[in-house]
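Open the model in your viewer and colour the protein chain by secondary structure. Keep the selection tool at hand.

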Amino acid sequence: MTIRRMIKSDVDEVARIVAETGLWQRYGLDFEKARSRFFKGLENGAEIFVAELNGEIAGFLWFVQNGAFDRSGYVELIGVKKKFRNRGIGRRLMEFAETRNVDSIFLLVSDFNTEAQKFYRGLGYIKVGEIKDYVVQGITEFIFYKKVR
Ligand SMILES: CC(C)(COP(=O)(O)OP(=O)(O)OC[C@H]1O[C@@H](n2cnc3c(N)ncnc32)[C@H](O)[C@@H]1OP(=O)(O)O)[C@@H](O)C(=O)NCCC(=O)NCCS
């Protein structure tokens, strides 16, 4: 598996991963909205990476250096294509984020997304707070944090 910068020709495939994931449907992020968000991100020089397995995009990571408190890294989005889940790709993407010249990483995870919470906890992230109705009314965002060095 290789991790490389996302380029414009990857956008449709990555937007398909977003669209197939029930989680993001609750945030109104359908294929078209995901597409425009990724295009905009690339145009603004965002750090978006894809994990490629035998030439196929298996997952992606959108990372923001100093994205939390102008001090810590922030994982804006991470996703693995359904057929590639539970094969260590999400872990590799998070480990990659941890090598990006940051002391610590923050991320938000939905209260109902217990599977991702288990995933993050297994990687050493701890819940340090929560924000009610932050992104979407009725969903509480859990704030997860890890000191990486
Ligand atoms: C969360 C997600 C990125 C994990 O990616 P993945 O490639 O399936 O995860 P990995 O195979 O690397 O798993 C790493 C560890 O987390 C654990 N884990 C992964 N998914 C899990 C789940 N659903 N329940 C419990 N543990 C889980 C694995 O058991 C593994 O532990 P191990 O290394 O001790 O065996 C992926 O499931 C996904 O894209 N989910 C939908 C989108 C999403 O929720 N994104 C996060 C939003 S905040």
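The stops below run from the whole chain to the core, the ligand and a few single residues.

**The whole chain**

Keep in mind that this is a predicted model. Start with everything shown as a cartoon. The protein chain has five helices and seven strands. Followed along the sequence, these elements come in the order β-α-α-α-β-β-β-α-β-α-β-β. The radius of gyration is 15 Å, close to the 15 Å that the globule rule gives for 149 residues, so the chain is as compact as a globular protein of that length. Along the principal axes, the C-alpha atoms fill a box of roughly 35 × 35 × 30 Å.

Two figures describe the inside of the protein chain. Buried residues account for 27% of its 149 residues. Of the contacts between residues at least 6 apart in sequence, 56% link residues at least 24 apart.

**The nonpolar core**

Next, select Val14, Phe60, Leu61, Val75, Leu93 and Ala97. In the largest nonpolar core, which has 33 residues, these touch the most other members. Now colour the elements that each supply at least two residues of this core: helix H1 (11-19), helix H3 (31-43), strand E2 (47-53), strand E3 (56-68), strand E4, helix H4 and strand E5 (104-110). Which element gives the most to this core? It is E3, with six residues. As a general background, nonpolar side chains in soluble globular proteins tend to be buried together.

Stay in the core and centre on Val75. Beyond its neighbours within four places in sequence, Val75 is in contact with Leu61, Phe63, Ala97, Ile105 and Leu107.

**Helix H1**

Select H1 and show its side chains. Val14, Ala15, Ile17 and Val18 are buried in this helix. Why do they lie on the same side of H1? They cover an arc of only 150° around the axis, which puts them on that one side. In an α-helix there are 3.6 residues a turn, so residues three or four places apart point the same way. Add the partners to the view: the buried residues of H1 pack against helix H2 (22-25), H3, E2, E3 and E4.

**Around the ligand**

Move to the ligand and show the residues around it. There are 19 of them, and Arg85, Gly90, Arg91, Glu115 and Lys118 come nearest. Strand E4 (72-80), helix H4 (89-98) and helix H5 (114-122) are the elements that give two or more residues to this shell. The largest share, five residues, comes from H5. Colouring the shell by class shows seven nonpolar, seven polar and five charged residues.

**Tyr125 and Tyr145**

From H5, step on to Tyr125, in the loop between H5 and strand E6 (126-132). Is Tyr125 buried or exposed? It is buried, because 22 other C-beta atoms lie within 10 Å, and a residue counts as buried at 20 or more. Leaving out residues up to four places away in sequence, Tyr125 touches Tyr120, Phe144, Tyr145 and Lys146. Draw a distance from Tyr125 to Leu107: the two are 18 residues apart in sequence, and their C-alpha atoms are 9.2 Å apart in space.

One of those partners, Tyr145, is the next selection. Tyr145 belongs to strand E7 (residues 140-147). With 17 other C-beta atoms within 10 Å, Tyr145 is partly exposed. Neighbours within four places in sequence aside, Tyr145 is in contact with Ser104, Phe106, Tyr125, Ile126 and Val128. A second distance to draw is from Tyr145 to Gly124, 21 residues apart along the chain, with 8.5 Å between their C-alpha atoms.

**Two asparagines in loops**

Select Asn86, in the loop between E4 and H4. Asn86 has a positive phi of about 65°, although it is not a glycine. It is exposed, with 8 other C-beta atoms within 10 Å.

Then select Asn101, in the loop between H4 and E5. Asn101 is not a glycine, yet has a positive phi of about 55°. With 9 other C-beta atoms within 10 Å, Asn101 is exposed.

**Last stop: Glu43**

Finish at Glu43 in helix H3. Glu43 counts as exposed, having 9 C-beta neighbours inside 10 Å. Draw the final distance from Glu43 to Ile7: they are 36 residues apart in sequence, and 10.0 Å apart in space from C-alpha to C-alpha.

Note on methods:
Residues are numbered from 1 along each chain as its sequence is written. This is a predicted model: local features need pLDDT of at least 70, side-chain atom pairs count only at pLDDT 80 or more; totals for chains, interfaces and linings use all residues. A residue is near a molecule or strand if its C-beta atom, placed from the backbone, lies within 6 Å of it. Helices (H or I, at least four residues) and strands (E, at least two) are DSSP runs, numbered from the N terminus. Ala, Val, Leu, Ile, Met, Phe, Trp, Tyr, Cys and Pro count as nonpolar, Asp, Glu, Lys and Arg as charged, and the others, Gly among them, as polar. A nonpolar core is a set of buried Ala, Val, Leu, Ile, Met, Phe, Trp, Tyr and Cys residues joined through C-beta atoms within 7 Å. A residue is buried if 20 or more other C-beta atoms lie within 10 Å of its own, exposed if 12 or fewer, and partly exposed in between; C-beta atoms are placed from the backbone. Two residues are in contact if their C-beta atoms, placed from the backbone, lie within 7 Å. The arc is that of the directions from the helix axis to the C-beta atoms. The radius of gyration is taken over C-alpha atoms; the globule rule is 2.2 Å times the number of residues to the power 0.38.
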